[in-house]
Amino acid sequence: MNIDSRKVIVLIILILAVAAFEAKEYWLKKRRGHEEDEEKKIHNSPERPKGKVDVVIDTDTFNEIDDQYALAYLIKSNDKLNLKAIYAAPFLNGKVKTAKEGMEKSRDEIMNILSLMKREDLKAVVYAGSEKFMRNEETPIISDAAKDLAERAMNYTKQNPLYVIGIAAITDVSSAIIINPEIKDRIVVVWLGGHGQDYKDTAEFNMKQDIAAARVLFGCGVRVVQLPCKGVVSSFTTTGPELEYWLKGKNELCDYLVEVTEKEAKAHHKEKTWSRPIWDVTAVAWLLDEKFMEERIIKSPIVEYDNTYSFDENRHDIKYVYYIYRDRLFEDLFTKLSS
């Protein structure tokens, strides 16, 4: 049998070409899969920042006393956190008649804390937040704070996000996301809201006032770190004697914090041996050091309108803090505030 060598050569070339094509497709597919895995990791599992990062804070500062501690702690942690904006959030309780008044009094209290800290420069980046809570999951509440976040976040990326510390009803943040959905991939939201998953309900102050906004936050896919109150952060409490030992007489800010904390505690507690949660501090602390708390990755819960959670294993991931190292964090807090 005579074999045409030219045909053999052509056949070999074709075989090699097909093999090369298949190999190329295999590695391209593998690379795309790797990139998609990295994308999912970046998107759904926010990591604690390693270096100094930009942050904004959304706070109902007049509501209780813990917001004042959190804001001061943030400002005193400027070696790691670069504060870009402060948003005054709405709240509604016995101290005010409307959510608008709550926001306005919170703005005034922010200014008071900045004056006590001799940080007049930061007053230029204080923004009025929403005057009411979101009534549905489609309509944002337009405010200076929401508009600023919707615009400011566009200067950041997935790899280098803007960190949003939420220690209030989440209307300002969720409104910004609805105004400009593109920022979902450019921010990480660290929110103190809701109760622990083992607690009897989700009727926590920040969440129950603002369920529509909470549903937007947990449902839209933005990267979230949740610090639940009852059952988790409720362990972060202090007492009058402890405050007087560590803070009283240290500076004007510390004297103010001690005075107001003791006044509020005595007004709300019948027991002489009272303790007071300073839980908002933990949202700031998450950004500072992993030694302050324990966390795990969970599926984003569904916040229901009847003050419960529902769960779906097909939902995206979030970070969930489940334990606070109370003594470590208070040592850092007291050291910074008294300096």
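Which element gives the most to the lining of the largest pocket? In this predicted model, helix α6 does, with three residues.

**The pocket**

The volume of the largest pocket is about 530 Å³. Its lining is made up of 26 residues, and those nearest the centre are Asn 63, Glu 64, Phe 205, Arg 276 and Trp 279. Besides α6 (205-208), the elements that contribute two or more residues to this lining are α2 (66-76), α9 (252-268) and β8 (276-277). Sorted by class, the lining holds 11 charged, eight nonpolar and seven polar residues.

**The chain as a whole**

The protein chain has 339 residues, and 50% of them count as buried. Its secondary structure consists of 11 helices and 12 strands. Among contacts with a separation of 6 or more, 78% are between residues 24 or more positions apart. The chain has an accessible surface of about 16600 Å², and carbon and sulfur atoms account for 51% of that surface.

**The core and strand β5**

The largest nonpolar core contains 97 residues, with Tyr 69 and Leu 149 having the most contacts inside it. Leaving aside residues up to four places away in sequence, Leu 149 touches Val 56, Tyr 87, Leu 162, Val 164, Val 173, Ala 176 and Ile 183.

Leu 162 and Val 164 also appear among the residues touched by Val 188. The other partners of Val 188, again not counting residues up to four places away in sequence, are Pro 46, Pro 161, Tyr 163 and Arg 223. Val 188 belongs to strand β5, which covers residues 187-192. Is Val 188 buried or exposed? Val 188 has a relative accessible area of 2%, so this residue counts as buried, the cut-off being under 20%. Along the chain Val 188 and Leu 162 are 26 residues apart, and their C-alpha atoms are separated by 6.4 Å.

**Loop residues**

Three loop residues are set out below with their loops and relative accessible areas.

| Residue | Loop between | Relative accessible area |
|---|---|---|
| Lys 118 | α3 (99-116) and β3 (126-128) | 58%, exposed |
| Glu 290 | α10 (281-286) and β9 (293-299) | 58%, exposed |
| Asn 307 | β10 (302-303) and β11 (309-310) | 23%, partly exposed |

Lys 118 is not a glycine, yet has a positive phi of about 60 degrees. With a relative accessibility of 58%, Lys 118 counts as exposed because the cut-off for that class is over 50%.

Asn 307 likewise has a positive phi, of about 65 degrees, and is not a glycine. At 23% relative accessible area, Asn 307 is partly exposed, since buried requires under 20% and exposed over 50%.

Which residue lies 7.6 Å from Glu 290 in space, C-alpha to C-alpha, while being 242 residues apart from it in sequence? That residue is Arg 48. Glu 290 itself sits in the loop between α10 and β9 and is exposed, at 58% relative accessible area.

Conventions
Residues numbered from 1 in each chain as written. Predicted model: local features only at pLDDT ≥ 70, side-chain atom pairs only at ≥ 80, totals over all residues. Heavy atoms only, no water. Helix = DSSP H or I, 4+ residues; strand = E, 2+ residues; numbered from the N terminus. Buried < 20%, exposed > 50% of the residue type's maximum accessible area, 1.4 Å probe, protein only. Contact = heavy atoms within 4.5 Å. Areas by Shrake-Rupley, 256 points an atom, 1.4 Å probe, with all protein chains shown as cover. 1 Å grid on protein atoms, 1.4 Å probe; cavity = no way out; pocket = protein on both sides within 12 Å on 5 of 7 lines; lining within 4 Å. Points joined across faces, edges and corners; volume = space filled by probe spheres on them. Nonpolar A, V, L, I, M, F, W, Y, C, P; charged D, E, K, R; others polar. Core = buried A, V, L, I, M, F, W, Y, C linked by side-chain atoms within 4.5 Å.
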